[in-house]
Structure formats: structure tokens, C-alpha cells
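Welcome! Take a moment to look at the sequence and the model, and then let us walk through the main features together.

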Amino acid sequence: MANVVVVGAQWGDEGKGKIVDWLSERADIVVRFQGGHNAGHTLVIDGKIYKLALLPSGVVRPGKLSVIGNGVVVDPWHLVAEIEGIRKLGIDISPDQLKVAENATLILPLHRELDQLREEAAAAQKIGTTGRGIGPAYEDKVGRRAIRVQDLRNLHNLGPKIDRLLVHHNALRRGLGKPEIEKEVLIRELSEISPKILPYIDTVWETLDRARKAGKRILFEGAQGALLDVDHGTYPYVTSSNTIAGQAAAGSGLGPSALSYVLGLAKAYTTRVGSGPFPTELLGPDGEPDEIGRLLGERGKEFGVNTGRRRRCGWFDAVLVRQIVRVAGINGIALTKLDILDALPEIKVCVAYELDGKRIDRLPAGMNEQARVKPIYETFEGWTESTQGARSWANLPAQAVKYVRHIEELIECPVTLLSTSPERDDTILMKDPFQD
């Protein structure tokens, strides 16, 4: 049996929640392997809406094991609140159903505050973070001063680690004109939250290794899109972790040989939240969304699940998706929100860029060059019939089929799954990723 990695092939918000939930019916275990609670997933199941951020999408399915891997940064206060919120919707989450890696890094209140202070100080140079402490927590992880999930078991021995952490953070706070963090306050906060987290702590790599050897199907769920990858994305307007498929191995504790199939998710158009380059963004002369940009945003309900921030909208960018297909080793694409393009008289697709008068077929790595690229478009005839809720190719208008098939050619990757509404079952499957 195959183990499947699901990653976003754009800037996130591609509909991973629905697709992972849909695939989790075929899986035994669902694993989050990077990111934090900054990337929301919306699941619509039998008309009921579930909004998740840190919890893997598999939690809404009974009998599935959900795992938060070591590559994730965990805000324990948010995790407890999210578990309690899902329980109120009738989904019970017990330690038998949810495991949190003991070697995952914790997001602390000081991380959240530092994140927000930096964005405020940056003014026009803001990165566009969610202000939830994800970046500062990853910095502490790499700086080898992080407090980890396993440390909640030994709070009485935590003093020296807290001292090392606060030497760094209090220096930053003094520079920003903010009062220092008191060691005793932080230890007290951790002491209050730890009993609610301890039951879920697990040696995740070992649990997953046993499951793999037993032939269990494992689904690896990424958070942000691959274009936000700290190495391969539109740096510095990226997240603080690796979001491409290779991170599924490092962020879970299973070796890369356990990853059988990589499914990339892409919208039939493109969106982005926050700052950074966006070659196909649909803007008017005033710098605000033009008529089609507003239409896509309204139809697609393009607002952040957790933050409420309006997403920037643009035409499908085949250059970027093709680049991510190669970098992330994507085997097949799940194309989502095709129905949002219904009834448009014409649809454009970016097939190349122009940079300083030259045609190029990739996004440059440099920030200045990224800001200067101009899209080169092909224009397609739209379709008048609705694609919403279609569950087979026969239900799709001919022009919609042509659009999908040409996208396959442009990105050099097959579309193996097509989503035509937020509902779980409004999905057309061409290849089951779990069939290796």
C-alpha cells in the first residue's frame, strides 16, 4: 500500500482540508508534518462546517489516528482550545485518536508577542505573518534554545532551559523597548497547561514506524503551500519551515523511502495572503482588485479561515505550479475550485514571464527580479454551464475539460483529482493515490 503526501502547489489555501479529509477515508493515519496553527483548513461534511488549524484533518473521521509530527511548532494553549471547540461540534478527541510528537517545539506566549512586535516595527517592510509566533518558535528551534513538548513532563528541571531562552528573548525585548519576561511567570503558565497536553504526548516516529511495518496507510498533510517554503518559495515573503514534500519525512520521523506518492493541490486560479510578489494578481489602476479579481474573491469566499484576511486573487500561473511540481516531486495534481470559473466569458493562464524584455519559464530566486516579472498569458474560451457539484468527467462542459487538459500540458503533470465544490463527495477521481 502507498503512503501519500499532500502539499499545496501554490501559496496555500488550495483546499487541502477537504482533499485530505476525502483521502483520509482511505487512510489509517493522518500526519501533520510542518507549520503551526497559522494555516486553517475548512471541512464541509453533510452541511456541517469544521474549521481546523493545528489538528490534522483526519480528526473528523472516526477510527483514524491523527498525529502532530516533530516538524510542527505547537501552541499548547491553542491546541487545547481547538480540541475543546471540535468536541462541542460532536467530535470526540481522545489520546487514543491524537498523538503529539514529544520532540516537537512549543510556541510560547513570548513568541506570539515577539512576532507581533516585529511586524509592527517593520512598517512597510512587513512579511505578512499571522502574528501567531510560528517564526520566532522556529528560530528558537534552530538556535537550540527551544522548549519542546517533552519538557512539559519535567517542569521541575526546566529552569536552566528557561534561563537560556530568556537571555535571548529579553535582549530582544529590551531593544524593542518592552519589559522583560519573568522566568517564574513563564514556568507558571507552562505548569497550568501541561496537564492538558501530557496525555497526548507520544514517541511519534516509533508509532509511525510500527504502523508502516504493519501495512497501515499513512497520509501526510502539509500546511502552507510550497511557494511559502523557506528555501524554495518567494523569500523573504515565506513561512519559517520547509513546506515541500521532502519535509514529510524529516517532520514525522519516517525516512523518505516511506513516501510513495506526492499529491499537489492547486486552485484553478491563484490566491495569496499577505505581502510578496504575485505575477498574475488581478489589480486595477488604483492598486485594488479589478472586477474579475473581486468576482473570484467573492465566489471563492477568499478570506482566511483563522485570520479573516482577504486573499489576493489572480489567474492560474502555470509557470509557478510547474516549478513546484519539479521541486516537490509531485506525481499528480488535485485541481480545486474549478466551479469558481463558471460563466466567465474568457479565462487566462500564465504560460511564461517577461523579465527585462526577455521571456523566461521560471520564477527567479531574487526578490527584486520576482517583483519585476510580468505574466505572458494564453486566453481560453470560458464555459456557460455549471461545473459545481460535478462528480464525473461526463458532467463537465467540454470547454472546462479542455481547460483542465491544457493545464496538465503546461504544468507537465497529470490532474488526478478534481474538486468541484467544498462538499466532500463533489470530487472526480482519476487515480487513487493510495494504489501504488
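Which residue stands opposite I333 in β19? The partner is V415. Before going further, please note that this is a predicted model, where local features need pLDDT of at least 70, side-chain atom pairs count only at pLDDT 80 or more, and totals for chains, interfaces and linings use all residues. Residues are numbered from 1 along each chain as its sequence is written, and side-chain values use heavy atoms, with hydrogens and water left out.

**The open sheet**

Helices (H or I, at least four residues) and strands (E, at least two) are DSSP runs, numbered from the N terminus. Two strands pair if DSSP finds at least two bridges between them. Here, 10 strands build an open sheet with mixed pairing, and their order is β9-β7-β5-β2-β10-β1-β11-β15-β19-β20. At the edges stand β9 (201-202) and β20 (427-429), each with a single partner strand, so one side of each has no neighbour in the sheet.

The table lists some strand pairs, including one hairpin that we will meet later.

| Strands | Sense | Bridges | Opposite residues |
|---|---|---|---|
| β2 and β5 | parallel | 4 bridges | V30 and S66 |
| β15 and β19 | parallel | 3 bridges | I333 and V415 |
| β19 and β20 | antiparallel | 3 bridges | L418 and I428 |
| β3 and β4 | antiparallel | 5 bridges | H41 and L52 |

Is β19 (residues 415-419) largely enclosed or left open? In this strand 5 of the 5 residues are buried, so β19 is largely enclosed by the rest of the structure. Buried means under 20% relative accessible area, exposed over 50%, and partly exposed in between (1.4 Å probe, protein chains only).

**The hairpin of β3 and β4**

Strand β3 (residues 41-45) is mostly covered, with 4 of its 5 residues buried. Its partner in the hairpin is β4 (residues 48-52). There are 2 residues between these strands, and D46 takes a positive phi near 55 degrees.

**The cores and helix α10**

A nonpolar core is a set of buried Ala, Val, Leu, Ile, Met, Phe, Trp, Tyr and Cys residues joined through side-chain atoms within 4.5 Å. The largest one has 108 residues, and F316, I330, I333, L335 and Y403 touch the most other members. Helix α10 (residues 318-328) gives the most to this core, with 7 residues. Another core, of 15 residues, lies apart from it and has V20, W22, A27 and L219 among its members.

How many of the 11 residues of α10 are buried? The count is 8, and the helix is mostly covered. Among the buried residues of α10 are V321, R322 and I324. Their cover includes β1 (4-8), β11 (261-267), β15 and α12 (398-411).

**One buried glutamine**

Q247 lies in helix α8 (residues 247-250). This residue is buried, with a relative accessible area of 16%. Leaving aside neighbours within four places in sequence, Q247 is in contact (heavy atoms within 4.5 Å) with F33, Q34, G71 and N242.

**A cavity**

Rolling a probe the size of a water molecule over the atoms shows where empty space is left. On a 1 Å grid over the protein atoms alone, a cavity is a set of points where a 1.4 Å probe fits but cannot get out, and lining residues have an atom within 4 Å of a point. The count comes to 1 cavity of 30 Å³ or more. The lining of the largest cavity includes G58, R61, S66 and L98.

How values were computed:
On a 1 Å grid over the protein atoms alone, a cavity is a set of points where a 1.4 Å probe fits but cannot get out, and a pocket is an open set with protein on both sides within 12 Å along at least five of seven lines; lining residues have an atom within 4 Å of a point. Grid points are joined across faces, edges and corners, and a volume is the space filled by probe spheres set on the points.
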